[in-house]
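Here are some worked exercises to try with the model open in your viewer. Have a go at each task before you read its solution.

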Amino acid sequence: MLLGEGFMNVAIVMAGFAAKLGAPNAVIGLLPAIAQGGWMLPQLYVASRARPLTHKLPLYRSAATVRTVTYLIMVACAAFLTDWPALCLTVFLIAMMINALASGVSGLPWLEVVSKTVPSERRAWFFGTRNLYGGLLAFASGLGVRWILGSDLGFPYNYALIFLLGTLAFTAGYAIFGRVDEPADKPLPPANFREELRSIPDSLADPALRAFLNVRLLLAFAAVGEPFYAVYALRDLGYPALSLGTFVMATTAAAPLSNVGWQRLAERKGSRRILRYAAAFAALAPLTALLAGHFGWPPVAYGLVFVLSSVAVQGFNLGHTNHLLNISPEGQRSRYIGTLNTLVGVALFAPVLGGLVADRWGYTPLFVGSALLYLLAWQACSFLRRDA
């Protein structure tokens, strides 16, 4: 699935596609907001529905089917609707929203199955290894993106081909995970969405969850600048479109290499230390983008922005998941996952505000504000539970 994410990278490939269609920054900021916020928002509802299920994989398979259909719609948008940019963007965004909501439905079953099949002491190894080999495949997708965008295949068919390759990779990943032999859960009494909402204060009575929520909210708001690294390079710095392939390669090359370090750090120091270091790397990315613009760096050097961002994202992915699973009490895992992801999901729409800031005042205040918020998140990590 990480191979598919390379072809369908929201902050680079999809943002470049939207910029090519002339989308304003507020709309470009909506892309990662939809992808990430849509993934998290339905999870409290899903937690209530999944609670009495002894097996979660059927729910995962249904959501995966919906996601495949929406990816095909995105391919069709790129191939046939770009002569009408407003219509193309509208249909594309609707397909993204449905896809993101379906991913939110599949996300909780995915975590539940992983938690049942991978012992807690092996989870850091599992996620690190998954990200390592997935990152190597995703690097190949960066080569593909660069070759396609630099070939004679013109717009919009170049993007349609990229999206089609991503769709094929995702579909294969869904099919493989859908065949996992899932152990049965103990039946739990059914719950409804209102009960899950009423349970939020009880879940947040746990100081470990409250501290983690504070960190996640700060990181969500700090990510306001991430969707605009590629757009800034294309629009303000004048880099060619094939540079997007270079940026995907930088992102995906850094991922497997950094995962080796993150995995060792997780095994020795725990998830709290990972999140703190990742926040520091993330704060450097927007500042590096401003330095590149000020000194006129070439596209290859500007790739350092995506290296820093990728290293940080891999740390966050490993640290977030590991920390949440480790602080969730047995029998309350779905409720903790649903509570945290639903509350954080609302904050992940902050990049839309980032787009409005960029449209009105430019990228400098946006990137500086992003770096400051990452530093605040770094400080908030000191309150996380140390043994998780």
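Buried means under 20% relative accessible area, exposed means over 50%, and partly exposed is anything in between. Keep in mind that this is a predicted model.

**Exercise 1. Decide whether Thr321 is buried or exposed, and say where it sits.**

Start with the location: Thr321 belongs to helix H15, residues 299-327. Next, take its relative accessibility, which is 19%. The cut-off for buried is under 20%, so Thr321 counts as buried. Finally, check a distance: Thr321 and Ile148 are 173 residues apart along the chain, and their C-alpha atoms are separated by 34 Å.

**Exercise 2. Sort Arg272, Phe221 and Val66 into buried, partly exposed or exposed.**

Take Arg272 to begin with. It lies in helix H14, residues 271-295, and its relative accessible area of 8% makes it buried. Its C-alpha is 36 Å from that of Asp359, with the two positions 87 residues apart along the chain.

Now Phe221, in helix H11 (residues 207-222). At 38% relative accessible area, Phe221 is partly exposed. From Phe221 to Pro299 you go 78 residues in sequence and 27 Å in space, C-alpha to C-alpha.

Last comes Val66, which sits in helix H5 (residues 57-80). Its relative accessibility is 36%, so Val66 is partly exposed too. Val66 and Val346 are 280 residues apart along the chain, with 23 Å separating their C-alpha atoms.

**Exercise 3. Work out whether the end-to-end distance of helix H6 agrees with its expected span, then find where H6 bends.**

Step one: H6 covers residues 85-117, which is 33 residues. Step two: the expected span is 1.5 Å times one less than the number of residues, so H6 should span 48 Å. Step three: the end C-alpha atoms are 46 Å apart, and that agrees. Step four: look for a bend, and you'll find one of about 25° at Ser106. A proline, Pro109, follows within four residues of that bend.

**Exercise 4. Count the disulfides and account for Cys88.**

The count is 0 disulfides. For Cys88, the nearest cysteine sulfur is that of Cys77, 5.0 Å away. A disulfide needs the two sulfur atoms within 2.5 Å, and Cys88 is in no disulfide. As for burial, Cys88 has 0% relative accessibility, so it counts as buried. Cys381 is buried as well, with a relative accessible area of 0%.

**Exercise 5. Identify the residues of the nonpolar surface patch and the helix that gives its largest share.**

The patch is made of Leu72, Leu164, Leu165 and Leu168. Together they have about 320 Å² of accessible area. Helix H8, residues 157-177, supplies the largest share, with 3 residues. Leu168 is in H8, and its relative accessible area of 53% makes it exposed. A general point is handy here: an α-helix has 3.6 residues a turn, so residues three or four places apart point the same way.

**Exercise 6. Find which residue is joined to Pro156 by a cis peptide bond, and place Pro156 in the fold.**

The partner is Phe155, and omega for the bond is about 10°. As background, most peptide bonds are trans. Pro156 is in the loop between helix H7 (123-150) and H8.

Key. Residues numbered from 1 in each chain as written. Predicted model: local features only at pLDDT ≥ 70, side-chain atom pairs only at ≥ 80, totals over all residues. Heavy atoms only, no water. Helix = DSSP H or I, 4+ residues; strand = E, 2+ residues; numbered from the N terminus. Bend = angle between axes of the 7 residues up to and from the residue. Patch = residues over 30% accessible without salt bridge, like charges linked within 9 Å, V, L, I, M, F, W, Y side chains within 5 Å. Areas by Shrake-Rupley, 256 points an atom, 1.4 Å probe, with all protein chains shown as cover. Salt bridge = Lys/Arg side-chain N within 4 Å of Asp/Glu carboxyl O. Buried < 20%, exposed > 50% of the residue type's maximum accessible area, 1.4 Å probe, protein only.
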